[in-house]
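Reader: I have a protein model open on my screen and I would like to learn how to read it. Could you take me through it feature by feature?

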Amino acid sequence: MEPKYVGLDVRQSSTVVAVYDARGKSRMECVLATGAEAMQNFQKGLGSPIHVTFEEGSRRHGDSRSTWLVGFW
């Protein structure tokens, strides 16, 4: 299966998601509720393998830890 590359811009109430294929072509953009259930459901729909990066700022440590805990990588 072809890998997918996922970018997350995590905010308090919503997370903007962009998905690209291995050639750098945009495959999907969406907005999810920030929370474990929404992210788990989204990740299950992507299949694997996926590579994830996220916007990091002064208050993002807790958000990134939550993303890790729900199994995004």
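Reader: Let me begin with charged side chains. How many salt bridges does a search of the whole structure find?

Author: The search finds 4 salt bridges. Keep in mind that this is a predicted model. To recognise such a pair, look for a side-chain nitrogen of Lys or Arg within 4 Å of a carboxyl oxygen of Asp or Glu. Asp9 and Arg11 give you one example, with N to O at 2.9 Å.

Reader: Are Arg11 and Asp9 buried or exposed, or something in between?

Author: The idea is to look at relative accessible area: under 20% is buried, over 50% is exposed, and partly exposed lies in between. Arg11 has 41%, so it is partly exposed. Asp9 has 23%, so it is partly exposed too.

Reader: Which residues are linked in a network of salt bridges?

Author: To find a network, follow a charged residue from partner to partner. Here the linked residues are Glu2, Asp21, Arg23 and Arg27. Start at Asp21: its side chain meets that of Arg23 at 3.2 Å, N to O, and it also meets the side chain of Arg27 at 3.0 Å, N to O.

Reader: How does accessibility look for Asp21, Arg23 and Arg27?

Author: Asp21 has a relative accessibility of 4%, so it counts as buried. Arg23, with 62%, is exposed. Arg27 is partly exposed, with a relative accessible area of 48%.

Reader: Now the overall layout. What pattern does the chain follow along the sequence?

Author: Walk along the chain and note each helix and strand as you meet it. You will read β-β-β-α-β-α, which comes to 2 helices and 4 strands.

Reader: In what order do the strands lie in the sheet?

Author: Order in a sheet is read from side to side, and here it is β3-β2-β1-β4, in an open sheet with mixed pairing. The edge strands are β3 (26-33) and β4 (50-54); each has a single partner strand, so one side of each has no neighbour in the sheet. From one strand to the next, the twist averages 20°.

Reader: Which strands run parallel, and which pair in the antiparallel sense?

Author: Compare the directions of two paired strands. β1 and β4 run parallel and are joined by 5 bridges; to find your place there, look at Lys4, which stands opposite Ile50 in β4. β2 and β3 are antiparallel, with 7 bridges, and in that pair Ser14 stands opposite Ala33 in β3.

Reader: What should I look for in the hairpin of β2 and β3?

Author: Look at the stretch that joins the strands and at its backbone angles. This hairpin has 5 residues between the strands, and Gly24 takes a positive phi near 85°. Another positive phi, of about 75°, belongs to Gly47, just after α1.

Reader: Which residues of α1 are buried?

Author: To read a helix, ask which way each side chain points. In α1, Met39, Phe42 and Leu46 are buried. They cover an arc of only 65° around the axis, which puts them on the same side of α1. The face turned away from that buried side carries the exposed residues Glu37, Lys44 and Gly45.

Reader: Which residues make up the largest nonpolar core?

Author: For a core, look for buried nonpolar side chains that touch one another. The largest one has 9 residues: Val6, Leu8, Val10, Val17, Val19, Leu32, Phe42, Leu46 and Ile50. At least two of them come from each of β1 (4-10), β2 (14-20) and α1 (36-46). β1 gives the most, with 3 residues.

Reader: One last stop. Where is Pro49, and what is the peptide bond from Ser48 to Pro49 like?

Author: Pro49 sits in the loop between α1 and β4. For the bond itself, check omega: here it is near 0°, and the bond is cis.

Reader: How much of the chain is buried overall?

Author: Of its 73 residues, 26% count as buried. You can also ask how far apart in sequence the contacting residues are. Among contacts with a separation of 6 or more, 37% are between residues 24 or more positions apart.

Definitions and conventions
Residues are numbered from 1 along each chain as its sequence is written. This is a predicted model: local features need pLDDT of at least 70, side-chain atom pairs count only at pLDDT 80 or more; totals for chains, interfaces and linings use all residues. Side-chain values use heavy atoms; hydrogens and water are left out. A nonpolar core is a set of buried Ala, Val, Leu, Ile, Met, Phe, Trp, Tyr and Cys residues joined through side-chain atoms within 4.5 Å. Buried means under 20% relative accessible area, exposed over 50%, partly exposed in between (1.4 Å probe, protein chains only). Two strands pair if DSSP finds at least two bridges between them. Axes are lines fitted to C-alpha atoms, for helices over the stretch in contact, and angles run from 0 to 180 degrees between N-to-C directions. The arc is that of the directions from the helix axis to the C-beta atoms. Contact means heavy atoms within 4.5 Å.
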